[in-house]
Amino acid sequence: MGASLLQSTAMLRFLFLVLNTLLVVPELASAGITRHYKFNIKLHSVTRLCHTKSIVSVNGQFPGPRIIAREGDRVVVTVVNNVQNNVTIHWHGIRQLQSGWADGPAYVTQCPIQTGQSYVYNFTITGQRGTLFWHAHISWLRSTVYGPIIILPKKNVPYPFAKPYKEVPIIFGEWFNADPEAVITQALQNGGGPNVSDAYTINGLPGPLYNCSAKDTFKLKVKPGKTYLLRLINAALNDELFFSIANHTLTVVDVDAIYVKPFKTDTILITPGQTTNLLLKAKPHFPNATFLMAARPYATGRGTFDNSTVAGLLHYEPPSKSSPSASSFKNLPVFKPTLPPLNDTSFAANFTRKLRSLANTEFPANVPKKVDKRFFFTVGLGTNPCPQNQTCQGPSNSTKFSASVNNVSFVLPTTAILQAHFFQQSKGVYTTDFPTTPTFPFNYTGTPPNNTMVSNGTKVVVLPFNTSVELVLQDTSILGIESHPLHLHGFNFFLVGQGFGNFDSKKDPPKFNLVDPVERNTVGVPSGGWVAIRFFADNPGVWFMHCHLEVHTSWGLKMAWIVTDGKLPNQKLPPPPSDLPQC
């Protein structure tokens, strides 16, 4: 009796201590777990559109494996490079708080993983839930090296919407019959636009609207009356996409792993680098029909593009218990969705305006109200001179296509900027004189200047820790106005304003939305227009910002921010891991 009383008293004391600890340190109550993954980068053979080729992939999967974690979990991925290409992996949209060494862009936060080498990416998912994705971040390897990151809420924390019956990742990609590495190598040599892709894909499958492709079709089977969460990811290289499901309404609930005020729409727009979570409510009864889900490009530039449509099939489970044969599905009528015109810029602007943060007590929108530093960046195309004794295929036979931010076409160094910054060895690697406003102002969306030449350099902006930043990104008409999906590594930002024409620093800021602007990591700068974003520079490290149209990144539409350490230990970048790849 005495012994059991002692045991129960000890147990009560232990429980009291545990409860006290959880009350004092509430985050321990929901501390995450560590999830381990292994990525073997290797070649494997894939056939699409009657073309068989060897592709670089992860674990022989195309698309690559899913990373599944909960908010608060630590993710540890060992990447082993078994191919001849240099490789890095970027965890697109992950905040990487104090883990900048794991962000992944080649020559920005790390040297690439060379053949036969490995590197362990180690990061914690903080304050994010929804869908993100991972992809290679060197040259054009991400055309086949990509996969979803599915972030569930913390255990026992519900979604802010009714729990779906099932969750389905839908990843858009681009298929090239040729080797994408050869495509961009050739384009950079001759100075012209690269050859376009041969198909778009849904989960690696081009679907029935392409020749020799009907068997490679993504099929989604649904039960009448059930609600499905579709996790959309645009992993295409160079194309923004419209997406719709025939005769069905979609509810947008989350973008870039941040909840939004739900709204209904027939069609969504998704740029490369963006993710969108949609609720699809199946019809209450078996509809005696099959429905196409289709995506095709939103294209605003002057260059050629892949003007084709990818489709998957939405099948309903029939009421009878007997499983229907494939032929019975074939006999059902097929409905096709109506997608907006290819260059429907007004749809793009209106869709973006509908996206708003929840901005409630549970999911606040912590928009910087006071701004410490303001920046004005032009983004667009330009030219570089053709090398002597060579004829080029750029805008003229004496020029090559280029792209720039504030007329600086970014040149990747041969060693990683983060290493150079951390060890204070920037000499010969980068300079800190990136222009905060355009060096030569002009009528940005009017008649372009005669001189379209860019300057070239590895220039960065340095921000003191926790600076509140306002950045206006302005499209230009040089070589044609065009929409540019800009992605910022290491941060989410708030989209506080957007408009067409030239940004007006007097008239436009009073109209900014500082109450419930959408929070995301990739934003489409409107064709012939501008966006204004705000963020806190609360993450020490080196952070890449670039157009997520891969051809524009290759041409130099990219730059980097350096955020210095704060005063407290949790505001400093730790030293690099011992296995950080060397250049």
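## Close-up views of a predicted model: disulfides and strands

**View 1. Cysteine 111 and cysteine 583 are joined by a disulfide, with 2.0 Å between their sulfur atoms.** This legend, like the ones that follow, describes a predicted model. The link between cysteine 111 and cysteine 583 is left-handed, with -100° about the S-S bond. Cysteine 111 sits in the loop between β5 (89–92) and β6 (118–124), while cysteine 583 belongs to the segment after β33, so the pair ties together parts that are 472 residues apart in sequence. Are the two partners buried or exposed? Cysteine 111 counts as buried, at 1% relative accessibility, whereas cysteine 583 is partly exposed, with a relative accessible area of 48%.

**View 2. A disulfide connects cysteine 50 and cysteine 212, whose sulfur atoms are 1.8 Å apart.** Here the torsion about the S-S bond is about 65°, so the disulfide of cysteine 50 and cysteine 212 is right-handed. Distant parts of the chain are linked by this pair: cysteine 50 is found in the loop between β1 (34–48) and β2 (51–58), and cysteine 212 in the loop between β10 and β11 (219–222), 162 residues apart. Cysteine 50 is exposed, at a relative accessible area of 54%. Its partner, cysteine 212, is partly exposed, and the value there is 36%.

**View 3. Cysteine 386 and cysteine 392 form a disulfide with a distance of 2.1 Å between the sulfur atoms.** What is the handedness of this link? With a torsion of about 85° about the S-S bond, the disulfide of cysteine 386 and cysteine 392 is right-handed. Cysteine 386 counts as buried at 14% relative accessibility, and cysteine 392 is buried too, with a relative accessible area of 5%. Stepping back to the whole protein, the count comes to 3 disulfides. If you number the bonded cysteines in sequence order, the pairing reads 1-3, 2-6, 4-5.

**View 4. Strand β32 (residues 541–547) has 7 of its 7 residues buried, so it is largely enclosed by the rest of the structure.** Take a look at the two faces of the strand in turn. On one side of β32 lie Gly541, Trp543, Met545 and Cys547, on the other Val542, Phe544 and His546, and all of these are buried. For cysteine 547, the relative accessible area is 0%. Which strands pair with β32? Strand β27 (residues 484–488) pairs with β32 in the antiparallel sense over 3 bridges, and leucine 488 stands opposite methionine 545 in β32. Strand β33 (residues 558–563) also runs antiparallel to β32, and 6 bridges join the two. In that pairing, isoleucine 562 of β33 stands opposite valine 542.

**View 5. Strand β31 (residues 529–537) is mostly covered, with 8 of its 9 residues buried.** Two pairings of β31 can be followed here. Strand β26 (residues 467–475) pairs with β31 in the antiparallel sense over 8 bridges, and the bridge partner of leucine 473 in β31 is valine 531. Strand β28 (residues 493–500) is likewise antiparallel to β31, with 6 bridges between them. Phenylalanine 500 stands opposite glycine 529 of β31.

**View 6. An open sheet of 6 strands follows the order β10-β9-β12-β17-β14-β15, with mixed pairing.** Which strands stand at the edges of this sheet? They are β10 (199–202) and β15 (258–265); each has a single partner strand, so one side of each is left without a neighbour in the sheet. On average, neighbouring strands of the sheet are turned by 25° against each other, direction ignored. At the β10 edge, strand β9 (residues 166–175) pairs with β10 in the antiparallel sense over 4 bridges. Among the residues of that pairing, tryptophan 175 has alanine 199 in β10 as its bridge partner.

**View 7. Confidence along the protein has a mean pLDDT of 94, and 93% of the residues reach 70 or more.** Over residues 1–29, however, the pLDDT is below 50. Beyond near neighbours in sequence, this stretch of residues 1–29 has 3 contacts in the model. Where pLDDT is low, predicted coordinates should not be read in detail.

Methods:
Residues are numbered from 1 along each chain as its sequence is written. This is a predicted model: local features need pLDDT of at least 70, side-chain atom pairs count only at pLDDT 80 or more; totals for chains, interfaces and linings use all residues. Side-chain values use heavy atoms; hydrogens and water are left out. pLDDT is the predictor's confidence in each residue, from 0 to 100. Contact means heavy atoms within 4.5 Å. Buried means under 20% relative accessible area, exposed over 50%, partly exposed in between (1.4 Å probe, protein chains only). Two strands pair if DSSP finds at least two bridges between them. Axes are lines fitted to C-alpha atoms, for helices over the stretch in contact, and angles run from 0 to 180 degrees between N-to-C directions. A disulfide is a pair of cysteine sulfur atoms within 2.5 Å.
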